[in-house]
Amino acid sequence: MGCLVLLLLLAFLMPGLAIPVPPALKALSNLHLSTSFTSRPSVVTKYSIHYFEQKIDHFGFKNEKTFNQRYLIADQHWRKEGGSVLFYTGNEGDIIWFCNNTGFMWDVAEELKAMLVFAEHRYYGQSLPFGADSFRDSRHLNFLTSEQALADFAVLIKHLKRTIPGAENQPFIALGGSYGGMLAAWFRMKYPHLVVGALAASAPIWQFEDIVPCGVFMKIVTTDFKRSGPNCSENIRSSWDAINRLTRNGTGLDWLSEALHLCTPLKNAQDVQHLKDWISETWVACQYLKNSNLSDRELLQNIFQALNVYYNYSGQARCLNMSETSTSNLGSLGWSYQACTEMVMPFCTNGIDDMFEPHLWDLKTFSDDCFKQWGVKPRPSWITSMYGGKNISSHTNIIFSNGDLDPWSGGGVTKNITNTLVAIIIPEGAHHLDLRANNAFDPMTVLLARSLEVKYMKQWIRDFYACLRKKH
């Protein structure tokens, strides 16, 4: 199971290098929950690219400026009679990447007679409100919020209903994974008249304030590594002190730089911390970490072998570059601003229940660092004020799916709230694995989860048309 856990865990961890937070937790300040290396053979995607003029500010009346939001449409299997529209609520990255890696929608399109729409999130991909100046400062970034993004989706859906013949009287269903899953759930909550339901895959909507313990994410990560084999998590926990002991002098810095084949040699304590942050973000294959009673040097030589699996899988790299990260292809700059404003997710480690160096969650330090970087201070209570936290039982027709290997499940909905706010737990499931295309390596549990999700969506579609018939 070691290689499986490697692939799964790398899919949960986030880049987060833009936000200054406690060093070992830098990998947790971004919610980039999909990574390019996990791409697998998928369905062939054929879509058309469109742009829609959106208001930069949906909630004020003074700013009349607009920008072009990109969206994709695939209608090969769409039927005007009895069809549906599956609407992907884009998250923090280029929408074409998400389109190509959300094979579930393509797999079920024919069965649901569905048009597929993939809407890009403002400030990501090509949907930049101020073009090249979009990330210049907090004044330009002021309109990067989940609320503005949801309003974009709402206005776009109204546009599609109005301009595509046959779409006006069809049910729309929101789908998304990770942050996109959060948006899908929140969209159904805030705009229930526009979508009949939502599939929120691996959506940690409760990873805010003190709704869940701040250490739950890293605790699940550690549990997963323990499942992968003996001594793995223990060796990772030991590696931090081993690095500290070996780098107390210049000789140790030189040795470690060579042992890890680093492109840039370690020179000081700041470089050492950067190294530990980099290792924390990447994480490694347990097949090289099964031995016990290793010396510091033996342990770190094994750490190199594990890192080499990911960063030098082709065998062509002459050295390992710490500036390369496991999720560097996603929109970390935009997300770092979101994490410093409303998407404030507390993380902590204690080095006992997890395999990481101990770090407390310190909101003041986090806030001060955000102000230094962006000139803004976070509002940690805003998301729960806006979307309800755990008080969401008045809403309907939302599926919350979570894999039990996914650390983000600790902040997700894992039990039914009502008979229409349902949780699907996927044993042996990774981060929004159910949104990927069917694959020969899928565990049976994810195949069953997908079939159950389709069952719920079919019921929403039937209910929509039954209601429509009554009106006529």
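1. Start with Cys214, in this predicted model. Cys214 is partly exposed, with a relative accessible area of 25%. The cut-off for buried is under 20%, so Cys214 does not count as buried. A disulfide joins Cys214 to Cys348, with 2.0 Å from S to S. Cys348 is buried, at a relative accessible area of 13%. One end of this link is therefore partly exposed, while the other end is buried.

2. Where do the two ends of that disulfide sit in the chain? Cys214 is in the loop between β6 (197-201) and α7 (216-228). Cys348 is in the loop between α12 (332-339) and α13 (363-374). The two cysteines are 134 residues apart, so the pair links distant parts of the chain. The torsion about the S-S bond is about 85°, so this disulfide is right-handed.

3. The structure holds three disulfides. Another one is formed by Cys263 and Cys319, whose sulfur atoms are 2.0 Å apart. Cys263 lies in the loop between α9 (250-259) and α10 (269-282). Cys319 lies in the loop between α11 (296-311) and α12. The pair therefore ties together parts that are 56 residues apart in sequence. The torsion about the S-S bond of Cys263 and Cys319 is about 95°, so this link is right-handed. Cys263 has 33% relative accessibility and counts as partly exposed. Cys319 is also partly exposed, at 30%.

4. Cys340 and Cys370 form a disulfide too, with sulfur atoms 2.0 Å apart. Is this link right-handed or left-handed? The angle about the S-S bond is -80°, and the link is left-handed. Cys340 lies in the loop between α12 and α13, and Cys370 lies in helix α13 itself, so the pair ties together parts 30 residues apart in sequence. Cys340 is buried, at 0% relative accessibility. Cys370 is buried as well, at 0%.

5. Two more cysteines deserve a look. Cys99 is buried, with a relative accessible area of 0%. Cys467 is partly exposed, with a relative accessible area of 39%.

6. Now step back to the whole chain. The secondary structure comes to 15 helices and eight strands. Of the 472 residues, 58% count as buried. The chain exposes about 19,500 Å². Carbon and sulfur atoms supply 52% of that area. Among contacts with a separation of 6 or more, 73% come from residues 24 or more positions apart.

7. Turn to strand β2 (residues 66-74). This strand is mostly covered, with seven of its nine residues buried. Strand β1 (residues 48-55) is joined to β2 by eight bridges, and the two run antiparallel. Tyr51 stands opposite Arg70 in β2. β2 also pairs with strand β4 (residues 114-119), again in the antiparallel sense, over four bridges. There, Leu72 stands opposite Phe118 in β4.

8. How many residues of strand β7 (residues 398-403) are buried? Six of the six are, so the strand is largely enclosed by the rest of the structure. Its side chains are worth tracing by eye. Ile398, Phe400 and Asn402 point one way from β7. Ile399, Ser401 and Gly403 point the other way. Both sets are buried.

9. β7 has parallel partners. β6 and β7 pair in the parallel sense over four bridges. In β7, Ser401 is the bridge partner of Ala201. Six bridges join β7 to strand β8 (residues 421-426), and these two also run parallel. In β8, Ala423 is the bridge partner of Phe400. Note that β6 also borders the loop that holds Cys214.

10. Last, check Thr145. Thr145 is found in the loop between α4 (138-141) and α5 (146-163). Is Thr145 buried or exposed? Its relative accessible area is 19%, and the limit for buried is under 20%, so Thr145 counts as buried. A polar atom of the Thr145 side chain lies 3.1 Å from the backbone nitrogen of Gln148. Leaving out residues up to four places away in sequence, Thr145 touches His121 and Glu342.

Technical notes
Residues are numbered from 1 along each chain as its sequence is written. This is a predicted model: local features need pLDDT of at least 70, side-chain atom pairs count only at pLDDT 80 or more; totals for chains, interfaces and linings use all residues. Side-chain values use heavy atoms; hydrogens and water are left out. A disulfide is a pair of cysteine sulfur atoms within 2.5 Å. Buried means under 20% relative accessible area, exposed over 50%, partly exposed in between (1.4 Å probe, protein chains only). Two strands pair if DSSP finds at least two bridges between them. A polar contact is a pair of N or O atoms within 3.5 Å; within protein, one must be able to donate a hydrogen and the other to accept it, and residues adjacent in sequence count only if both atoms are side-chain atoms. Contact means heavy atoms within 4.5 Å. Accessible areas come from the Shrake-Rupley method with a 1.4 Å probe; for residues, only the protein chains shown count as cover.
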